[in-house]
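Let's take a relaxed walk through a protein model. Keep the sequence and the 3D view open while you read.

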There are 2 protein chains.
Amino acid sequence: MPAPELQKENKVFGGWVKRFKHESTACSCPMTFSVFFPPQAAGRKVPVVYYLAGLTCNDENFMQKAGAQRRAAELGLALVAPDTSPRGHNVAGEAESWDFGVGAGFYLNAKVDKWKAWQMYEYITVELPEVLRSFSSLDIDNASIMGHSMGGHGALVLGLRNPGKYKSISAFAPITHPMIEPWGQKAFSGYLGEDRETWKQYDATEVVKAFGGPERKILIDQGSKDDFLKEHLNADDFVRAAKANPCIKLSYRLQEGYDHSYYTIATFVDDHLNLHAEELFKR
Amino acid sequence: MPAPELQKENKVFGGWVKRFKHESTACSCPMTFSVFFPPQAAGRKVPVVYYLAGLTCNDENFMQKAGAQRRAAELGLALVAPDTSPRGHNVAGEAESWDFGVGAGFYLNAKVDKWKAWQMYEYITVELPEVLRSFSSLDIDNASIMGHSMGGHGALVLGLRNPGKYKSISAFAPITHPMIEPWGQKAFSGYLGEDRETWKQYDATEVVKAFGGPERKILIDQGSKDDFLKEHLNADDFVRAAKANPCIKLSYRLQEGYDHSYYTIATFVDDHLNLHAEELFKR
């Protein structure tokens with residue numbers, strides 16, 4: 001596996017945000033990702049928190065707008081932000097809508113042949129960690145996962161389906177029940193076809209029902225003034241299922257007045273990093 | 001004077017970033033600005049820190065990328081980010097280069113007739129504060145000023161020429177001697193014509209020489225790996241002139257490894273806000 005190629009780097013809070021490009025086998029195209037290496041990474045291995053972004057985003061939005069590096073630098077956490085889909089395949093229709101195709105990979109492994117390059121589940125959970133092993137300062141086997149909106153869905157599904165890979169899970173305004181909301185239905189039918197049993201593997205509400213441990217902490221922050229709350233992000237079913245599962249310790253916080261933007265993430269990201277640090281530095 | 005019109009608002013750190021539009025008399029066009037109202041503004045008047053942005057920016061870059069609201073919310077400071085030039089005049093050539101015309105107002109009052117709408121000095125120091133008086137929570141007469149790059153030039157020049165209006169001054173990677181560097185020479189000859197005495201009014205190194213008090217604190221952070229440092233941002237002359245002036249208390253910090261980006265601003269903005277708070281809350 002060739003080492004990822006450095007595209008650019010910026011010093012921030014004593015650490016470095018570095019952007020890399022590499023040839024992805026899972027997605028059959030070059031993929032870009034960004035990593036924040038905290039200052040502690042200069043001297044020892046540091047745990048990793050993955051951040052999965054939402055629709056239309058790439059690997060840079062979180063690094064530039066969430067203000068997460070300040071607390072990550074204090075805690076000694078690396079932050080890894082992947083892209084949100086393959087790019088450059090020029091599949092017919094891939095750029096026609098903002099909620100499907102490019103920038104909208106939904107962190108699943110597509111089954112419909114036309115979208116066969118959309119293997120973001122495999123990419124994030126298997127390929128990317130292997131790629132990251134080329135950085136000796138990252139403790140790849142000590143990781144947690146978080147995300148926003150579509151990426152919140154990704155964090156919940158990937159986190160709950162791979163408890164050995166991610167020690168804690170958090171999300172901002174996640175899609176928690178994609179099988180019954182329009183973004184998820186469009187994505188699942190387009191990428192996965194019409195088999196509902198396959199859909200369930202990528203539906204956080206279904207996945208949390210089936211989760212059998214070990215005990216997992218989940219933190220969710222949802223803005224009460226989020227324009228997508230009612231139609232897309234209603235988490236009642238997820239919260240009910242999570243509370244019924246003794247292996248899940250869920251904290252679901254409805255944040256009064258906050259919306260779907262990165263301003264909300266910036267406001268609460270320290271709490272998320274604190275949770276992950278607590279799990280990642282546990283002895 | 002009609003009240004500015006709210007374009008959008010986002011809750012962040014318990015306060016609000018609000019974007020407004022209004023008809024500017026100084027610039028003869030609609031102008032946009034953003035304000036962060038800290039949570040304290042709900043109950044009392046709060047001091048104001050102006051932030052002047054750099055080339056190509058508008059009023060949103062700082063709000064979205066600097067992460068300044070966290071500390072401003074703790075301190076109880078409002079942040080005001082104006083745009084960097086008039087827009088919409090369609091002056092021939094206004095969008096041909098990134099360092100002149102639209103997005104490049106240089107915080108001066110143009111004298112060349114073709115650019116007569118470029119009255120950013122008047123706009124920032126006189127018109128905008130009057131417009132802001134429509135917000136009863138802002139203590140307009142208790143203000144400080146900061147900026148980045150071209151906006152650092154603006155903060156130094158406006159701050160030093162108006163000590164009654166701004167109680168402290170800070171800058172990231174400021175242009176400190178525009179008369180002898182290419183961006184400044186292009187802007188000054190284009191907007192002001194060839195009279196060097198006029199140029200001196202907008203050259204921080206000249207202005208700091210002439211500054212007669214009262215005592216002013218200035219904080220400057222400059223990244224050592226800033227690509228523009230050598231050709232555009234060399235501050236040797238400014239630092240020498242400032243140190244020779246007993247009314248100026250300058251802290252000039254060369255930050256090892258940091259560049260010209262908002263990552264540098266995010267890293268050090270708390271120090272700047274702390275300095276301004278110290279002056280603004282002095283009794």
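This report goes from a single chain to the way two chains meet, and then to a few local details.

## One chain on its own

First, a caution: this is a predicted model. Start with chain A, whose secondary structure comes to 10 helices and 9 strands. Its radius of gyration is 17 Å, close to the 19 Å that the globule rule gives for 283 residues, so chain A is as compact as a globular protein of that length. If you drew a box around the C-alpha atoms of chain A along the principal axes, that box would be roughly 50 × 40 × 35 Å.

## How the two chains are related

Now bring in chain B. A turn of 180 degrees, with a shift of 0.0 Å along the axis, lays chain B on chain A with an RMSD of 0.0 Å. That is the relation of a two-fold axis.

What about the surfaces that touch? Of the interface residues of chain B, 100% are also interface residues in chain A, so the copies meet through the same surface.

## The interface

How many residues does each chain bring to the contact? Chain A gives 22 residues, and chain B gives 22 residues too. The size of an interface is often given as the accessible area lost when the parts come together. Here, the area buried between chain B and chain A is about 1900 Å², and carbon and sulfur atoms give 52% of that. On the chain B side, the residues that lose the most area to chain A are B:Lys11, B:Gln64 and B:Tyr263, which together make up 36% of what that side buries.

What sort of pairs reach across? The rule finds 0 salt bridges across the interface of chain B and chain A, but it does find 8 residue pairs in polar contact there. If you want to trace the chain B side in the 3D view, look for strand 1 (5-12), strand 2 (15-24), helix 1 (61-65), helix 2 (69-75) and helix 10 (262-280), each of which supplies at least two residues that touch chain A. Sorted by class, that side of chain B has 8 nonpolar, 8 polar and 6 charged residues.

## Salt bridges

Side chains of opposite charge can pair when their charged atoms come close. A search of the whole structure, over all chains, turns up 38 salt bridges.

One of them is between A:Asp59 and A:Arg19, at 2.8 Å from N to O. A:Asp59 sits in the loop between strand 4 (46-52) and helix 1 (61-65) of chain A, while A:Arg19 is in strand 2 (residues 15-24), so the pair ties together parts that are 40 residues apart in sequence.

## A lysine and its neighbours

Next, find A:Lys45 in the loop between strand 3 (29-37) and strand 4 of chain A. Which residues does A:Lys45 touch, not counting residues up to four places away in sequence? They are A:Ser136, A:Ser137, A:Leu138 and A:Asp139.

With A:Ser136, a polar atom of the A:Lys45 side chain lies 2.8 Å from the backbone oxygen. You can also compare A:Lys45 with A:Ile140: these two are 95 residues apart in sequence, yet 8.9 Å apart in space, C-alpha to C-alpha.

## Backbone details to look up

Where can you see a cis peptide bond? In chain A, the bond from A:Gly213 to A:Pro214 is cis, with omega near 0 degrees, and A:Pro214 is in the loop between helix 7 (204-210) and strand 8 (216-223). In chain B, a cis peptide bond joins B:Gly213 and B:Pro214, with omega about 5 degrees. B:Pro214 is found in the loop between helix 7 (204-210) and strand 8 (216-223) of chain B.

Finally, look at A:Ala173, in the loop between strand 7 (169-172) and helix 5 (182-192) of chain A. Phi of A:Ala173 is near 45 degrees, a positive value in a residue other than glycine.

Note on methods. Residues are numbered from 1 along each chain as its sequence is written. Chains are lettered from A and ligands numbered from 1 in the order in which they are written. This is a predicted model: local features need pLDDT of at least 70, side-chain atom pairs count only at pLDDT 80 or more; totals for chains, interfaces and linings use all residues. Side-chain values use heavy atoms; hydrogens and water are left out. Contact means heavy atoms within 4.5 Å. Buried area is the accessible area (1.4 Å probe) that two parts lose on being put together, summed over both. A salt bridge is a side-chain nitrogen of Lys or Arg within 4 Å of a carboxyl oxygen of Asp or Glu. A polar contact is a pair of N or O atoms within 3.5 Å; within protein, one must be able to donate a hydrogen and the other to accept it, and residues adjacent in sequence count only if both atoms are side-chain atoms. Helices (H or I, at least four residues) and strands (E, at least two) are DSSP runs, numbered from the N terminus. Ala, Val, Leu, Ile, Met, Phe, Trp, Tyr, Cys and Pro count as nonpolar, Asp, Glu, Lys and Arg as charged, and the others, Gly among them, as polar. Copies are superposed by least squares on the C-alpha atoms of residues with pLDDT of at least 70 in both. The radius of gyration is taken over C-alpha atoms; the globule rule is 2.2 Å times the number of residues to the power 0.38.
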